[in-house]
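Visitor: Could you walk me through this fold and tell me the reasoning behind the words you use for it?
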Amino acid sequence: MENWKLWINGEWKDAARTYELKSPYSQEAIATVAKADEEDVKQAIEGAHEAFLEFRKWPAYERAELLYRAVDLIEARKEELAQLLVQEAGKPIKTARGEIDRTIATYQFSAEAAKSLSGETVPMDAAPGVTDRIGWTKREALGVVAAITPFNFPSNLVAHKLGPAFAVGNTVVLKPATQTPLSSLALAEIFKEAGLPDGALQIVTGSGSELSDPLITNDLVKKVTFTGSVPVGLDIKSKVGLKKLTLELGSNSALIVEPDVPLEKIMPRAVTGAFGFAGQVCISLQRVYVHDDIYDEFVEQFVAETEKLQIGDPADESTDVGSMIHPGEADRAMEWIEEAKKVGATVRTGGERVQNGIAPTVMTDVTPDMNVVCKEVFAPIVTIMKYSDLDEAIDLVNDSEYGLNAGIYTRDIESAMKAADEIEAGAVIINDIPTFRVDNMPYGGVKMSGYGREGVKYAIDGMTELKFITVKTTI
């Protein structure tokens with residue numbers, strides 16, 4: 001069993017404490033991981049600040065080349081890194097490989113963005129009496145970024161923090177999820193080999209409840225970027241003061257299916273969106289609203305497609321759905337299923353414990369106040385409900401405290417544009433599932449789903465400061 005240490009100032013560092021990391025699937029111990037304390041965090045932040053003073057001077061070309069070298073190193077270790085995701089997250093191997101591919105793309109986008117950071121000219125003579133000045137803007141690096149990441153995409157969501165930060169010359173103190181630190185720690189030597197200055201990436205592992213406050217409140221930290229739960233996000237927002245902040249929080253993503261849609265063409269995609277990585281995805285398809293005219297046929301086909309999924313060992317090439325991240329999360333999801341059943345919901349398939357997770361579950365006869373509908377299930381559970389017209393469907397989608405991604409399938413352009421205008425979400429995905437995401441698109445939510453946007457170009461906006469410069473051309 002391997003022993004993983006902290007990564008401080010370009011070196012592995014022992015911690016006073018450790019914890020045992022267990023496989024979500026087998027519950028067997030797979031590693032011993034360092035458990036940082038407040039002093040470790042302070043040392044990491046101070047080291048990152050010192051590194052920033054030099055790293056910010058790097059020209060754009062060199063920052064881009066650094067990221068391209070990291071891409072090559074990740075590419076060479078793709079299978080090793082995918083296997084780490086299987087071990088620590090219980091992610092099916094074919095899903096894990098897809099995440100590593102996206103990780104590579106995210107760092108590539110970041111490398112390209114490093115060379116296209118730009119400002120704009122400001123027409124000073126647009127103001128009366130100002131004819132002898134020119135003005136322009138530029139974007140400058142902030143300094144130390146505190147990045148706190150979740151378990152569900154432990155490689156690619158880290159890339160969405162590190163890539164944009166390094167592209168502009170910021171340094172990062174990274175606190176990965178307690179359950180999934182290995183994929184982050186593996187990056188330490190990758191970035192060192194790629195040429196990142198010592199101290200520009202610091203990795204502190206351990207308890208989020210212990211490390212969050214010393215990390216986010218330190219005056220040397222200029223930006224906090226967090227992906228995780230709503231309660232933690234709200235707590236962070238209350239404490240960071242005037243620091244720049246990005247929060248990617250919860251969702252219960254919805255899909256509208258209009259009656260003109262060929263169901264056989266969309267069904268495999270919809271099922272994938274509902275049950276990929278056992279539903280533990282921020283934009284996992286949770287609520288499906290289907291027009292009355294096609295409701296029964298949709299449910300029948302959706303259940304049949306769901307029952308084709310292979311459940312089992314995430315290391316098995318044939319597995320579609322593995323375990324959930326922790327047995328306690330599976331217990332919680334089962335409680336929500338049972339609560340809904342007691343007040344009239346019907347389980348069409350699934351609804352039982354399987355190994356350390358639950359079987360892909362399809363529920364009908366649900367109501368908007370049930371936890372499986374109105375809260376974020378973060379489990380392989382999907383609910384299917386009827387509507388009679390598009391206005392009603394949009395109202396049902398919007399009847400949520402969340403607003404991350406939403407989708408609509410329709411062949412009618414007027415319906416598509418109506419949904420695009422009236423759905424309250426950070427993104428409206430037309431003719432695809434709300435689970436769709438590519439890594440250069442803006443990503444983030446409204447309402448309780450978050451604050452700010454990711455996606456490399458958009459993350460860079462939040463990781464830089466806009467400076468205005470003007471020159472008086474005569475004295």
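The conversation below takes up helix pairs and sheets in this predicted model.

Visitor: Happy to start with helices. Why are α5 and α6 called roughly parallel to each other?

Guide: Helix α5 (residues 156-168) and helix α6 (residues 182-194) have axes that cross at roughly 30°. Angles under 35 degrees count as roughly parallel, and therefore α5 and α6 are roughly parallel to each other. Their axes come within 12 Å, and the crossing is right-handed.

Visitor: Which residues of α5 and α6 meet?

Guide: From α5 come Val158, Leu162 and Phe166, and they meet Ser184, Leu187 and Phe191 of α6. By class, the residues of this contact divide into five nonpolar, one polar and no charged. Ser184 is in the contact, and Ser is not listed among the nonpolar or charged types, so Ser counts as polar.

Visitor: What makes α3 and α4 oblique to each other?

Guide: Here the packing angle is about 125° between helix α3 (residues 78-89) and helix α4 (residues 93-114), with the axes 8 Å apart. Roughly perpendicular covers 65 to 115 degrees and roughly antiparallel needs over 145, so an angle outside these and not under 35 is oblique. That is why α3 and α4 are described as oblique to each other. The crossing of α3 past α4 is right-handed.

Visitor: How do the residues of the contact of α3 with α4 divide by class?

Guide: They divide into eight nonpolar, one polar and five charged. On the α3 side, the contact includes Lys78, Glu79 and Gln83. On the α4 side, Arg97, Glu99 and Asp101 are among the residues that take part. Lys, Glu, Arg and Asp count as charged, so the named residues of these types belong to that class.

Visitor: And what do α1 and α7 bring to their contact?

Guide: Glu38, Val41 and Ile45 of α1 make the contact with Leu211, Pro214 and Leu215 of α7. The class count is five nonpolar, no polar and one charged. Helix α1 (residues 38-55) and helix α7 (residues 208-216) pack at about 35°, with axes 9 Å apart, and their crossing is right-handed.

Visitor: On to the sheets. What makes β1 and β4 edge strands?

Guide: The open sheet has three strands in the order β1-β5-β4, with mixed pairing. β1 (2-4) and β4 (17-22) each have a single partner strand, so one side of each is left without a neighbour in the sheet. From one strand to the next, the twist averages 25°.

Visitor: How do you know that β4 and β5 are paired?

Guide: Pairing needs at least two bridges, and six bridges join β4 to strand β5 (residues 29-35), which run antiparallel. As one example, Leu21 has Ala31 in β5 as its bridge partner. Helix α6 packs on this sheet and touches β1, β4 and β5, its direction making about 75° with that of β1.

Visitor: How many bridges join β7 to β25?

Guide: Nine bridges join strand β7 (residues 133-141) to β25, and the two run antiparallel. At least two are needed for pairing, so these strands count as paired. Ile134 has Val471 in β25 as its bridge partner. This open sheet of three strands follows the order β6-β7-β25, with antiparallel pairing. Its edge strands, β6 (121-122) and β25 (464-472), each pair on one side only.

Visitor: Where does UniProt place the aldehyde dehydrogenase domain?

Guide: The unreviewed UniProt entry puts "domain: Aldehyde dehydrogenase" at residues 14-469. That span is 41% helix and 21% strand, and its end C-alpha atoms lie 46 Å apart.

Conventions: Residues are numbered from 1 along each chain as its sequence is written. This is a predicted model: local features need pLDDT of at least 70, side-chain atom pairs count only at pLDDT 80 or more; totals for chains, interfaces and linings use all residues. Side-chain values use heavy atoms; hydrogens and water are left out. Axes are lines fitted to C-alpha atoms, for helices over the stretch in contact, and angles run from 0 to 180 degrees between N-to-C directions. Helices (H or I, at least four residues) and strands (E, at least two) are DSSP runs, numbered from the N terminus. A crossing is left-handed if the near helix is turned anticlockwise from the far one by less than a right angle, and right-handed if clockwise. Contact means heavy atoms within 4.5 Å. UniProt positions are given in the numbering used here, feature names are shortened, and annotations may be inferred rather than shown by experiment.
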